[in-house]
Amino acid sequence: MPAWPARRTASLAAVAAIVAGCTTPHAPPNDPPLPSRAVRAEPARTMPRMAGEEVIGTVRARDSVEISPTVMGKVAELHCALGAAVKAGDLIARLSVQELTARLDQAREALALADLELARATRLRATGALPGAEYDVVASRQRIAQASHAEAVAMAGYAAVRAPRAGVVTAKLASTGDTAMPGRPLCVVEDPTSLRFEATVPEALARAFERAQAIPVRIDAIDGAIAATVAEVSPNADAASRTVLVKLTLPQDARLRAGAFGRAIVPAGELRALTVPASAVVRRGQLEAVYVITSGTARMRLVRTGKVVDERIELRAGVREGEPVVVDGADSLIDGQPVTVAP
């Protein structure tokens with residue numbers, strides 16, 4: 001009996017030793033050092049930029065025409081495809097107008113009969129068998145028939161709808177077999193080489209457009225700003241929206257297309273802003289950051305950005321002037337990674 005407590009004590013001691021060995025904390029393994037990366041850096045610089053208000057607008061063709069028929073009829077032929085180039089006088093559509101065809105046939109027969117009667121009257125008058133008054137009546141009927149024939153020919157010509165000017169088809173509004181009517185366009189032809197930017201601006205900004213000789217315009221489909229000149233400013237404001245229509249002439253550019261969305265910047269003075277190349281900003285969800293090089297190490301800094309002007313972005317917070325910022329390869333960096341600045 002006295003040996004039992006001793007054996008029990010020894011067993012408990014062994015279990016305690018095993019548990020202690022299992023729970024002894026181990027030193028965490030050391031993470032391998034991050035590899036050094038070669039990057040290109042540039043100091044954040046304060047640069048002047050033009051401050052202004054942005055107004056949205058649309059690129060439109062300066063010369064645009066809706067091609068509509070003059071008479072009503074069924075579309076028998078339609079020669080307009082989106083993007084097709086047309087010249088002035090090209091056939092756009094041919095209408096089937098039976099009334100005009102019948103009128104032309106009647107006028108043609110009436111003129112032929114009037115010509116015969118006039119020829120007969122001329123021979124009789126030469127022999128003295130036809131009084132002059134009766135001859136004048138026959139000659140008058142022939143002239144009336146001739147005028148009626150010319151009118152019928154002109155009306156029949158309306159069945160052929162032709163392009164009034166050269167351009168590119170930008171809208172096709174009818175199909176073969178449709179009933180064409182005056183005032184209802186078949187297609188739209190625009191001159192792609194003559195474009196302008198149209199925007200409705202608040203009344204307070206309209207005066208700035210009147211004073212400006214050149215206005216920078218940013219088109220979403222084109223990188224960078226385009227210098228446009230003020231062409232027209234409406235003298236009247238819209239009573240409902242209190243806005244004024246402004247039209248700016250755009251330079252010729254093959255990348256511009258009618259209907260493109262853009263923004264015009266109304267100059268309101270000059271200010272100085274801290275900027276870096278736009279490629280330096282890294283976006284992680286809703287956060288924006290840059291990598292600042294400190295003692296050969298890239299450190300992530302959260303920043304607050306502003307406007308983008310000529311491929312440089314404004315930094316309103318997070319970086320001081322002169323601090324070197326990684327501008328190439330920032331997307332693949334890790335905070336604290338060693339870097340080598342390439343010359």
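# Strands, cysteines and charged pairs

Q: Which residue in E8 is the bridge partner of Val-86?
A: Strands here are DSSP runs of E with at least two residues, helices are runs of H or I with at least four, and both are numbered from the N terminus. Two strands pair if DSSP finds at least two bridges between them; E5 and strand E8 (residues 167-172) are joined by two, and they run antiparallel. Across from Val-86, the partner in E8 is Gly-167.

Q: What pLDDT do local features need in this predicted model?
A: Residues are numbered from 1 along each chain as its sequence is written, and side-chain values use heavy atoms, with hydrogens and water left out. The model is predicted: totals for chains, interfaces and linings use all residues, side-chain atom pairs count only at pLDDT 80 or more, and local features need a pLDDT of at least 70.

Q: Which strands stand at the edges of the sheet E3-E10-E8-E5?
A: This open sheet has four strands with antiparallel pairing. An edge strand pairs on one side only, and that holds for strand E3 (64-67) and strand E5 (85-86).

Q: Why is one side of E7 and of E9 left without a neighbour in the sheet?
A: A second open sheet, also of four strands and antiparallel, has the order E7-E6-E4-E9. At its edges, E7 and strand E9 (179-180) each lack a neighbour on one side because each has a single partner strand.

Q: How many bridges join strand E4 to strand E6?
A: Within this pair, Lys-74 has Ser-96 as its bridge partner in E6, and Leu-78 stands opposite Ala-93 in E6. Strand E4 (residues 73-78) and strand E6 (residues 91-96) run antiparallel, and the bridges that join them number four.

Q: In E7, which residue is the bridge partner of Arg-94?
A: E6 and strand E7 (residues 160-162) pair in the antiparallel sense over three bridges. The E7 partner of Arg-94 is Ala-160.

Q: How far is the sulfur of Cys-187 from the closest cysteine sulfur?
A: A disulfide is a pair of cysteine sulfur atoms within 2.5 Å, and a search of the whole structure finds zero. Cys-80 is buried, at 5% relative accessible area (buried is under 20%, exposed over 50%, partly exposed in between, with a 1.4 Å probe and protein chains only). Cys-187 also counts as buried, at 0%. Its sulfur is too far from that of Cys-80 for a bond, the distance being 4.0 Å.

Q: Which residue has its ring under the charged end of Arg-125?
A: A charge sits over a ring if NZ of Lys or CZ of Arg is within 6 Å of the ring centre and within 35 degrees of the ring normal. The charged end of Arg-125 is 4.5 Å from the centre of the ring concerned, which belongs to Tyr-135.

Q: Which residue forms a salt bridge with Arg-196?
A: A salt bridge is a side-chain nitrogen of Lys or Arg within 4 Å of a carboxyl oxygen of Asp or Glu, and the structure holds 19. Arg-196 is buried at 12%. With closest N and O atoms 3.6 Å apart, its partner is Glu-232.

Q: What is the distance, N to O, between Arg-283 and Glu-288?
A: Arg-283 is partly exposed, with a relative accessible area of 49%. Its side chain meets that of Glu-288 in a salt bridge, N to O, at 3.2 Å.
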